[in-house]
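Here are some notes for a colleague who is opening this structure for the first time. They are set out as numbered points, to be read beside the sequence and the model.

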Amino acid sequence: MGRLVGIDLGGTSIRAAVATGPTSYGTPVVRRATPASDGPRAVIDACAEAAREAAGGTPEGIAIGIPGPLDPTGGIVFAAPHLPGFENLPARDMLAEAAGCPVAIHNDSNLAGYAEWAAGMGRGTHSFVFVIVGTGIGGALIVDGNLRVGVAGTAAEVGHVPCDPDGPVCGQGHPGCLEGIASGTGIARQAEAALRAGEASSLPRDRPLDGAIIARAARAGDAVAARVYAEAGRALGRSFGGLINILGPEAIAVGGGVTGQFDLLEGPLRRGMAEIAFATPLGHCRVGKAELGSDAGLVGAVAWAVRSFPGS
Ligand SMILES: [Zn+2]
């Protein structure tokens with residue numbers, strides 16, 4: 001493997017590790033606080049330093065997952081909501097110069113999905129969909145063994161497919177897309193709207209709701225809480241049904257914070273898939289929880305480094 005390094009860059013922390021195999025990394029994992037408020041140069045320098053420490057010298061190549069829309073081919077980060085100043089930033093070339101080695105950049109959700117395909121729930125498949133459900137909904141598509149990036153890295157926005165023309169607005173302003181209904185934020189907003197409409201519920205009315213509070217209420221028998229999870233599950237399932245019809249994937253993995261509430265979503269999700277998907281591709285597609293959890297980002301970055309720099 002030479003000295004190939006994967007970096008998982010987040011808004012609060014940087015994790016870096018050296019590759020020891022196609023999907024494995026060595027210890028110790030180098031951790032740094034992200035100096036986000038000091039601007040992009042400081043963040044890039046901290047990543048380069050973490051990579052050098054992980055490699056025990058100058059790395060032979062780095063792959064880094066960055067939380068925002070970006071163009072992996074051009075090496076440009078368009079925006080990163082938790083990293084001030086990462087706007088149209090030539091992050092790949094900046095990190096290559098700071099670290100003294102070639103660099104590949106990718107969106108963090110894409111690399112998490114790549115990890116789930118290479119070493120998690122989707123291993124062994126040729127076509128695979130990863131859906132990460134948290135405050136928003138993102139994902140990754142593997143088609144015939146390749147991570148689909150689309151024009152300027154824009155593919156795999158699985159959270160922004162149409163679900164209900166009269167549905168709530170998502171974080172990006174789309175009326176009725178999946179994210180507005182089935183993300184953690186969407187679930188909380190639907191429950192708050194039901195309370196405002198005067199529906200009877202055990203949910204607290206004096207503070208903001210989140211997915212975990214609503215899940216507890218749903219498990220305790222609260223009808224409003226159970227309904228918003230059922231609606232989220234059905235919306236996820238119908239969108240998965242559409243993806244199954246288009247892509248014919250062998251597996252779909254659901255990751256992110258919502259995996260802890262998968263029990264509440266699963267029944268409506270499976271029924272929703274069957275509403276839309278043709279029987280044959282549905283019968284060939286496994287659907288379940290992602291396996292790597294919070295490790296997916298770093299596994300994906302390491303795996304992408306090995307894939308991007310095969311001669312090292
Ligand atoms: Zn949307």
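1. Strands, such as the two that will frame Pro28 below, are DSSP runs of E with at least two residues, and they are numbered from the N terminus, as helices are. Please keep in mind throughout that this is a predicted model.

2. On the general layout, the protein chain is divided into domain 1, which takes in 4–108 together with 295–308, and domain 2, which covers 121–291. Between the centres of domain 1 and domain 2, taken over C-alpha atoms, there are 28 Å. The contact draws 7 residues from domain 1 and 6 residues from domain 2.

3. How much area do domain 1 and domain 2 bury between them? The figure is about 480 Å², with 57% of it on carbon and sulfur atoms. On the side of domain 1 that touches domain 2, β6 (70–71) and α10 (296–308) each supply at least two residues. That side, sorted by class, has 4 nonpolar, 1 polar and 2 charged residues.

4. Charged residues on that side do not by themselves tell us about salt bridges, and across the interface of domain 1 and domain 2 the rule finds 0 of them. For polar contacts, the rule finds 2 residue pairs across the interface, both at pLDDT 80 or more.

5. Turning to the strands, 5 of them form an open sheet with mixed pairing, in the order β11-β10-β9-β12-β13. Its edge strands are β11 (146–147) and β13 (286–289), each of which pairs on one side only. Strand β10 (residues 137–143) and β11 run antiparallel and are joined by 2 bridges, and Val143 stands opposite Asn146 in β11.

6. Two backbone details deserve a look, and they are best read against a general background: most residues other than glycine have a negative phi, and most peptide bonds are trans. Thr27 and Pro28 are joined by a cis peptide bond, with omega about 0 degrees, and Pro28 has its place in the loop between β3 (24–25) and β4 (30–33). Ala152, a residue other than glycine, has a positive phi near 55 degrees, and Ala152 lies in the loop between β11 and α4 (178–182).

7. Which strand holds Thr20? Thr20 is placed in β2 (residues 13–21), and the side chain of Thr20 reaches the backbone nitrogen of Tyr25 at 3.5 Å. Although Thr20 and Val306 are 286 residues apart in sequence, their C-alpha atoms are 9.4 Å apart in space.

Terms used: Residues are numbered from 1 along each chain as its sequence is written. This is a predicted model: local features need pLDDT of at least 70, side-chain atom pairs count only at pLDDT 80 or more; totals for chains, interfaces and linings use all residues. Side-chain values use heavy atoms; hydrogens and water are left out. Domain bounds come from an automatic or database domain assignment. Contact means heavy atoms within 4.5 Å. Buried area is the accessible area (1.4 Å probe) that two parts lose on being put together, summed over both. A salt bridge is a side-chain nitrogen of Lys or Arg within 4 Å of a carboxyl oxygen of Asp or Glu. A polar contact is a pair of N or O atoms within 3.5 Å; within protein, one must be able to donate a hydrogen and the other to accept it, and residues adjacent in sequence count only if both atoms are side-chain atoms. Helices (H or I, at least four residues) and strands (E, at least two) are DSSP runs, numbered from the N terminus. Ala, Val, Leu, Ile, Met, Phe, Trp, Tyr, Cys and Pro count as nonpolar, Asp, Glu, Lys and Arg as charged, and the others, Gly among them, as polar. Two strands pair if DSSP finds at least two bridges between them.
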